[in-house]
Amino acid sequence: IAQNRDPLKAAPGDALESLPKYAATGDVARGADNVTAALTETLLASGVLGAIDAEGNVVSTDFLKRLALPPNLDPANVIKDAANVTKKDIRVLPTGEAAAVRAYFNAIAAAYERQIGSNQQSDLVILANALRDDDYTGLDALEAHVASIDRLIREIRGLAVPSPYTDVAVRELNYLLQTRKAIEVIRNTATDPLATLIIIPQRIALLDDMAQFHLAVSRELHDRNIFTGAKTP
């Protein structure tokens with residue numbers, strides 16, 4: 001390990017380049033929000049090593065009394081702080097006329113098409129492929145996903161929102177910010193696998209929430225006949 005080689009693999013394919021590096025002090029180099037490293041430090045501080053004998057058996061559970069899990073191990077905390085857009089962060093049009101609403105949602109649809117399109121491979125598919133192949137270099141593609149979401153957020157925040165749809169605009173932007181955070185976590189799977197394990201259910205739930213949200217908005221626009229005789233986004 002000190003030589004960045006995996007003791008569980010045969011050479012020459014035993015490099016550990018994608019795993020956390022060890023500093024001269026023996027500490028794992030990590031970011032402040034690295035969940036895997038945070039849990040490791042917490043476990044070590046609890047005295048877990050002294051509770052395990054030479055054969056790997058747990059001989060005492062006293063360490064559990066001293067074990068305080070980091071807050072970022074709570075799945076609800078992983079992406080919730082990313083949702084920080086409020087009504088004061090958007091421009092509001094003092095109108096709810098059909099033409100203005102139609103123009104706004106057409107602009108959103110066009111922004112999604114420009115920045116996301118229909119050919120971008122899902123981040124979960126990219127992760128599944130990386131795990132299947134035991135090769136995390138494919139996760140580099142997620143940097144482009146994050147960049148495209150950043151551009152999409154800027155475009156949508158630049159739009160003036162018809163006043164009846166300010167809540168819709170806020171929710172849309174916060175969904176995108178949460179998506180961005182989830183993808184960033186998945187991007188760092190090699191150095192923080194526990195965070196990815198925690199985020200996957202949240203990522204799947206987020207996809208479902210967004211789909212249900214977009215469906216509800218589409219139905220509301222249909223009920224208002226906003227796109228009657230016009231192209232539906």
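Contact here means heavy atoms within 4.5 Å, and that is the sense in which V101, F105 and Y112 in α3 meet M210, H214, V217 and L221 in α7. The views below come from a predicted model.

**View 1. The whole chain comes with seven helices and two strands.** Start here to get your bearings. Going along the sequence, the elements run α-α-β-α-α-α-β-α-α. The protein chain has 233 residues, and 32% of them are buried. Take the contacts between residues at least 6 apart in sequence: 73% of these join residues at least 24 apart.

**View 2. Helix α7 covers residues 193–223 and has a kink in it.** With its 31 residues, α7 reaches 45 Å from its first C-alpha to its last, close to the 45 Å expected at 1.5 Å a residue. Where does the kink lie? Look at I199, shortly before the proline P201, where α7 has a kink of about 35 degrees. The buried residues of α7 include A195, T196, I198 and I199. Further along the helix, R203, L206, M210, F213, V217 and L221 are buried too. An α-helix has 3.6 residues a turn, so residues three or four places apart point the same way.

**View 3. Helices α3 and α7 cross at roughly 150 degrees.** Two packed helices are described by the angle between their axes and the distance between the axes. For α3 and α7, the axes come within 12 Å, and the crossing is left-handed. On the α3 side, the residues to find are V101, F105 and Y112. Their partners on α7 are M210, H214, V217 and L221. Of those partners, M210, V217 and L221 also belong to the buried residues of α7.

**View 4. Helix α4 meets α7 as well, again with a left-handed crossing.** Helix α4 spans residues 123–133, and its axis comes within 11 Å of the axis of α7. The two axes cross at roughly 150 degrees. Which residues make the contact? From α4 come D123, L124 and L127, while α7 brings in T196, I200, R203, I204 and L207. T196 and R203 turn up among the buried residues of α7 too.

**View 5. Three aromatic residues, Y104, F105 and Y165, gather in one cluster.** Rings of Phe, Tyr and Trp pair if their centres lie within 6.5 Å, and planes over 60 degrees apart count as edge-to-face. By this rule the count comes to three aromatic pairs. In one of them, the rings of Y104 and F105 have centres 5.1 Å apart and planes at 75 degrees, so this pair is edge-to-face. Y104 and F105 are both buried. F105 also pairs with Y165, again edge-to-face, at 5.3 Å centre to centre and with 85 degrees between the planes. F105 sits in helix α3 (residues 98–115), whereas Y165 is in the loop between β2 (160–162) and α6 (166–187), so their pair ties together parts that are 60 residues apart in sequence. Why do F105 and Y165 count as buried? The cut-off for buried is under 20% relative accessible area; F105 is at 8% and Y165 at 4%.

**View 6. T166 in helix α6 is a buried residue with several contacts.** Its relative accessibility is 11%, so T166 counts as buried. Which residues does T166 touch, leaving aside its neighbours within four places in sequence? The contacts are with K87, I90, V92 and V161.

**View 7. A38 and D192 are 154 residues apart along the chain, yet their C-alpha atoms are separated by 9.8 Å.** You'll find A38 in helix α1, which covers residues 35–45. At 13% relative accessibility, A38 counts as buried.

**View 8. D134 has a positive phi although it is not a glycine, and so does N225.** For D134, phi is about 55 degrees. D134 lies in the loop between α4 and α5 (142–157). Is D134 buried, exposed or partly exposed? With 44% relative accessibility, D134 counts as partly exposed. The phi of N225 is about 60 degrees, and N225 belongs to the segment after α7.

Conventions. Residues are numbered from 1 along each chain as its sequence is written. This is a predicted model: local features need pLDDT of at least 70, side-chain atom pairs count only at pLDDT 80 or more; totals for chains, interfaces and linings use all residues. Side-chain values use heavy atoms; hydrogens and water are left out. Rings of Phe, Tyr and Trp (its six-membered ring) pair if their centres lie within 6.5 Å; planes under 30 degrees apart count as stacked, over 60 as edge-to-face and the rest as tilted. Buried means under 20% relative accessible area, exposed over 50%, partly exposed in between (1.4 Å probe, protein chains only). Helices (H or I, at least four residues) and strands (E, at least two) are DSSP runs, numbered from the N terminus. The expected span of a helix is 1.5 Å times one less than its number of residues. The bend at a residue is the angle between axes fitted to the seven residues ending there and the seven starting there. Axes are lines fitted to C-alpha atoms, for helices over the stretch in contact, and angles run from 0 to 180 degrees between N-to-C directions. A crossing is left-handed if the near helix is turned anticlockwise from the far one by less than a right angle, and right-handed if clockwise.
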